[in-house]
Structures are given as structure tokens and as C-alpha cells.
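Please find below my notes on the model under review, set out as numbered points.

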Amino acid sequence: MTYLAKNYNRKKISFKYGKGSYLFSTDNKKYLDFVQGIAVNSLGHAHPKLVKTIRDQSKKLWHVSNAFQIPEGEKLARKLCKKTFADYVIFQNSGAEATEAAIKVARRYFYSIGKTNKNKILCVRNSFHGRTLAAIYASGSKKMTEGFGPKVSGFDHFVFGDHKSLKKKITKNTAAIMVETIMGEGGIKVIPDWCLVELRKLCNKKKILLILDEVQCGIARSGDFFAFEKSKVKPDIVPIAKGIGGGFPIGAVLMNKKVAAGMTPGTHGSTFGGNPLAMAVGNSVMDIVSNKRFLKNVKDISKYFLLKLNNLKNVYPNTIKNIRGKGLLIGIQLHTDQTIFIKKLMDNKLLTIRAAENVVRILPPLNVKKNEVNQALKIINKVCKELN
Ligand SMILES: *Cc1c(COP(=O)(O)O)cnc(C)c1O
């Protein structure tokens, strides 16, 4: 008997503890964890530096209201701005809150310059921006919104990759285009750099804002600190979450000076967002993942992993349709439903998670070791062979 509501389809497995890339189950089995809380534990389980940070900070101060100065938050905001396009940061607790805040910042900007009719956000159909009411209607997915009406208005949608429909959907009421730089839940679909460049040009031409949702693909997951970095594009607003807390719930919205001007005192707030305990952890994660050598390691191991997976695709073309992704946000797209494949990987002690379009999503910690990747490849190879 469980008193937890049945809104999740949980696997019948639970864990006692984790260490780095591994999880140890309550029935004493060792699993290679290539889910990591869905790109959340960027440094794996129980990273010594994060354990120390939490221990030290927990003895000093957990929570104070945002009515007061929070130096740990000042420090993290400064690091995020120095490292990226951003001039200002608002801290939240989750990805959905971060994307909602992004929407609020965009609308408030146009309000503050007297263009109150510009309030619609143009999004990709079947994208993922979180599970709050606004976020599910932003995502434009029938499945996620079913039964949760009345519809939250203010969102339009275009089909991923359909540039004609994108241009057609921009109206005089459009405030911003919001897209995931790499679609996570949607099946690990990468927006190519040239597309990001065109997207920025289009937004400039139409005088609208560009919001890049980096909740899943950001914070070094792609091999760069942000997945849009190599394109040299500067977005106006970027919501982040998952990886920045290394397992501790943190969300944030990053923005440039222009749009930040609308966020005057009292316009937005959060009770928990940016508390000293969360910020201390965020600072520790940031110090590690923004390091050049760390990022190069992510790139190197990703290159190796993707090459080997593509080799497997060539060996098992009837099972594997495509290898997708960037950095350590990787998708194995199968020809058919991925449920059995994921189950068999799990039986062989490798944890992965599904994404749309028959994709098996692979999210190792960013500090994964080469022998761990080799172990995963061996298991994937074995399962491919069995299903061939
Ligand atoms: C996970 C995710 C969210 C929502 O984050 P939560 O913390 O679950 O609210 C938003 N956008 C993207 C791209 C995500 O992957």
C-alpha cells in the first residue's frame, strides 16, 4: 500500500546510497547510473566537495528571507554573469519556476516600454518547459495539458524545424520566441548553430526577445557551459535549473540589462529561491563545472562515447536508427518503442531513461570516467545483440 499519488510510473527499484556514477539498490545491487536524476547530479552522487559544502553551510545558515541581502547568492549571480551573456539573475527552486520567470521577464519588459499588447510567447509544439499551468501550455503538448483546462492563453506554437511556420506565427502581439537549445524530453533534438544565428537575426528584425531554455542542456551538459555558446548568439533570457545544484534544487533566470529593467522591486519573488544553503551548493558546482579543463574533459569523453555509439549503430542498423545529442546529453534513437531496450539495460545494471521519438536518453555525470563509459558501451552492445 502506498500513500503516494499515482502520477508517476515508477520502476520497482529503490536505492540505499550513491557514489559518483553508481547507485546501490536496497536489494544490494550496483547500478551504473546514466540518468543522474535527469541531468541533475552533474558531478555524480555524493561528490566530496558538495558534501563538504552542505555540511559546512548547514551549520551556519540555511534560510533567510529575500527581504535581506544574501551574500552567497550575490556570489553565485556574479559568477554566472561573468561567465555568460547575462547581466542579472533571479533565483528560483526548479526548472518550471525558471521558465515561468523567463516568461514574466519578457512580458514585463514590453509592459515597461509601453507595448502592453506584446505578450505572446512563441514556442515549439511538443517541447518541454515544465509542469506548472503556464509551462504545460507553453509546451503545447496535448498529453500534458489534457484535463487541466481552462487553457492558459498567451502561447503560440510552431513545428520544430519548420522555418516557414515559425515566421508566419510571429504577429504584432509576439513578445518572444522560447525554445530549448537542445530538446531534452522531446527526443534530444539539437538546434544547429546556424539556426540559432538565424533565430537571433529574426528576433532582432521583428524586435522580439529570444529565450533559450537551458534547464536540461545548460551548465556544461553540452560540453560548453551553455549549449548555445559556440554559435556566439546572445539570447535575452535564459532559464536554468537541473545541473546547477548538483542534486540540490536550484533554478534561476538569467537576463540581459535591457529586459532586467522591467523587473523593479515587488514584480517577482520566491520564498525559498536563492537561500544560503542552495546558493552555497550552487557556488561549489559552478566553480567545478565552469573550469576550462573540466569542460574539455566533457567534450573529450563525449567525442569518444558518440564515436563508439555510432559504431554500434553501424553494427546494429536494424535496432539503432540514429545517435543524437551533444556533450553528455545523448540519445540512442531506436526504430521501435524503447521500453524493452531500457528494461534490458537495467537488467544488466545500466540505468537510462526514455525521451520522445523512441529515444533512450543517456545522461552520465559530467565527471564520468572512461572505464565507466566502456562498461556502459559493453552493456548496450550486449542488449543490441540480444535484440538483433
Ligand atoms: C526539466 C525541464 C524543465 C522543468 O524543470 P522542473 O525542475 O522539473 O520544473 C523545464 N525545461 C526543460 C528544458 C527541462 O528539461
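The points below take up the basis of the model, the ligand site and one sheet.

1. This is a predicted model, in which local features need pLDDT of at least 70 and side-chain atom pairs count only at pLDDT 80 or more, while totals for chains, interfaces and linings use all residues. Residues are numbered from 1 along each chain as its sequence is written, and side-chain values use heavy atoms, with hydrogens and water left out.

2. The residues around the ligand (a heavy atom within 4 Å of it) are S94, G95, A96, F128, H129, G130, E180, D213, V215, Q216 and K242. By class, this shell has three nonpolar, five polar and three charged residues, with Gly counted among the polar ones.

3. Among the polar contacts (pairs of N or O atoms within 3.5 Å), a side-chain N or O atom of D213 is 2.9 Å from a nitrogen atom of the ligand, and a backbone N or O atom of F128 lies 3.3 Å from a ligand nitrogen atom. The side chain of Q216 places an N or O atom 2.8 Å from an oxygen atom of the ligand. Of the 390 Å² of accessible area that the ligand has on its own, the protein covers 82% (Shrake-Rupley method, 1.4 Å probe).

4. Four strands (DSSP E runs of at least two residues) form an open antiparallel sheet in the order β13-β14-β17-β16, where pairing requires at least two DSSP bridges. Its edge strands, β13 (320–326) and β16 (353–355), each pair on one side only.

5. Within this sheet, β14 (residues 329–334) and β17 (residues 359–362) run antiparallel and are joined by four bridges, and I330 stands opposite I362 in β17.

Notes. Polar contact = N/O pair within 3.5 Å; in protein donor to acceptor, adjacent residues only side chain to side chain.
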